[in-house]
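Biologist: I would like to learn how to read a model of this kind with some care. Could you take me through its features in turn, giving the general idea before the case at hand?

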Amino acid sequence: MTDLAKLVVRLEAQTAQYMAQLDKANKRLEKFDKQAEVSAAGIAKGIAGAAVAAGVAFAGMAYQAVKAADDMGKLSQSSGIAVESLSQLDYAASLSGSSLDELTIGMNKLTKQAVEAAKGSGTAAKAFAAIGVSVKNADGSMKNTEDLMLDIAERFSQIEDGAGKAAIAQELFGKSGTKLIPFLNQGRVGIEALKKEADALGLTITDKTAKAAEEFNDNLDRIKFAAKGLANQAANELLPVFGAMAERFANAAKEGGAMDFAVKALSVTLKTLVSAGTIVTSIFQQLGRIIYGVGAAIVRVANGEFSL
């Protein structure tokens, strides 16, 4: 064999080996492509599932925010404190280990004590005098509750903690007074700073938002009552029919043999209806399930349940 022939044979062998390796590499690439497609599909499915879950969670949070705004509006009406201030004070009180409920209860008590102190006598007047806080403005008008609370907080920030301070807090703010001491100890400047921080975090609820939330929740309540009214109307329409049927069965039972005949006739009729798939009770059951399902869905939405 000549050197040229040997070279050709060698090249053919190397080419065959190369092609075999290339074919193996292509198969690996095809396998990788399939795995990549499966992985991509899994990732896409996971992202879609996460997006749906996030949407449901966000809807639930949004409903809770609406409910909170409605509650804040009602609390504002009962306490006489502006909605904006209440929503900000909620944040400030929470960071101090207190709650908005404790704060509003205490401030309601403070309002009553201020009125008593304005008369110039009683334990409330002595408590205000002990910390050097006046319940009236310079022009003789009564201070609003929030300003009075901030004045007290400023004095509390300057007074050492102890039994005397706790006694004054309880006298002015009632049972929740001692729990509010950490909040009051921040002083006017500290509380005002936390109110601004709450506003910067988007926690301030405006009067407009509170009113819109109240209207929204009222409409949900109207829907629930409308569903209840629909059920009552259905009952009013069906009861006379059911009553007449019950009366006929009772009369038939009294006639003895006639009842046996009626039962046999009814049995045949029911069997026929079963085979035809048109039993009246089944229809009513299906209708009842539909009405119940719609009503239950409305109630879930009204209660802030957004699970799929």
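**Reading the salt bridges**

Modeller: Let us begin with a pair of charged residues: Glu 146 is buried, and Lys 195 is buried as well. Their side chains meet in a salt bridge, at 2.5 Å from N to O. Please keep in mind that this is a predicted model.

Biologist: Which parts of the chain does the pair Glu 146 and Lys 195 tie together?

Modeller: Glu 146 belongs to helix 5 (residues 145–156) and Lys 195 to helix 8 (residues 187–200), so the salt bridge ties together parts that are 49 residues apart in sequence. A salt bridge also joins the side chains of Arg 188 and Asp 151, again at 2.5 Å from N to O. That pair links distant parts of the chain, with Arg 188 in helix 8 and Asp 151 in helix 5, 37 residues apart. Lys 143, Asp 151 and Arg 188 are linked in a network of salt bridges.

Biologist: Is Arg 188 buried, partly exposed or exposed?

Modeller: The classes rest on relative accessible area, with buried meaning under 20% and exposed over 50%. Arg 188 has a relative accessible area of 27%, and it is therefore partly exposed.

Biologist: How should I check the length of helix 3 (residues 100–118)?

Modeller: One compares an expected span with the distance between the end C-alpha atoms. At 1.5 Å a residue, the 19 residues of helix 3 should span 27 Å, and the end C-alpha atoms are 26 Å apart, which agrees. Gly 120, which follows helix 3, has a positive phi, near 90°. Among the buried residues of helix 3 are Leu 103, Met 107, Leu 110, Gln 113, Ala 114 and Ala 117.

Biologist: Which residues have the most contacts inside the largest nonpolar core?

Modeller: In soluble globular proteins, nonpolar side chains tend to be buried together. The largest nonpolar core here has 42 residues, and those with the most contacts inside it are Phe 128, Met 149, Ile 152, Leu 172 and Phe 183. Setting aside neighbours within four places in sequence, Phe 128 is in contact with residues including Leu 110, Gln 113, Ala 114, Ala 117, Ile 152 and Leu 172.

Biologist: And which residues make a nonpolar patch on the surface?

Modeller: Val 241, Phe 242 and Met 245 make a nonpolar surface patch of about 270 Å². Phe 242 is found in helix 9 (residues 207–254), and at 40% relative accessibility it counts as partly exposed.

Terms used: Residues numbered from 1 in each chain as written. Predicted model: local features only at pLDDT ≥ 70, side-chain atom pairs only at ≥ 80, totals over all residues. Heavy atoms only, no water. Patch = residues over 30% accessible without salt bridge, like charges linked within 9 Å, V, L, I, M, F, W, Y side chains within 5 Å. Areas by Shrake-Rupley, 256 points an atom, 1.4 Å probe, with all protein chains shown as cover. Salt bridge = Lys/Arg side-chain N within 4 Å of Asp/Glu carboxyl O. Helix = DSSP H or I, 4+ residues; strand = E, 2+ residues; numbered from the N terminus. Buried < 20%, exposed > 50% of the residue type's maximum accessible area, 1.4 Å probe, protein only. Expected span 1.5 Å × (residues − 1). Core = buried A, V, L, I, M, F, W, Y, C linked by side-chain atoms within 4.5 Å. Contact = heavy atoms within 4.5 Å.
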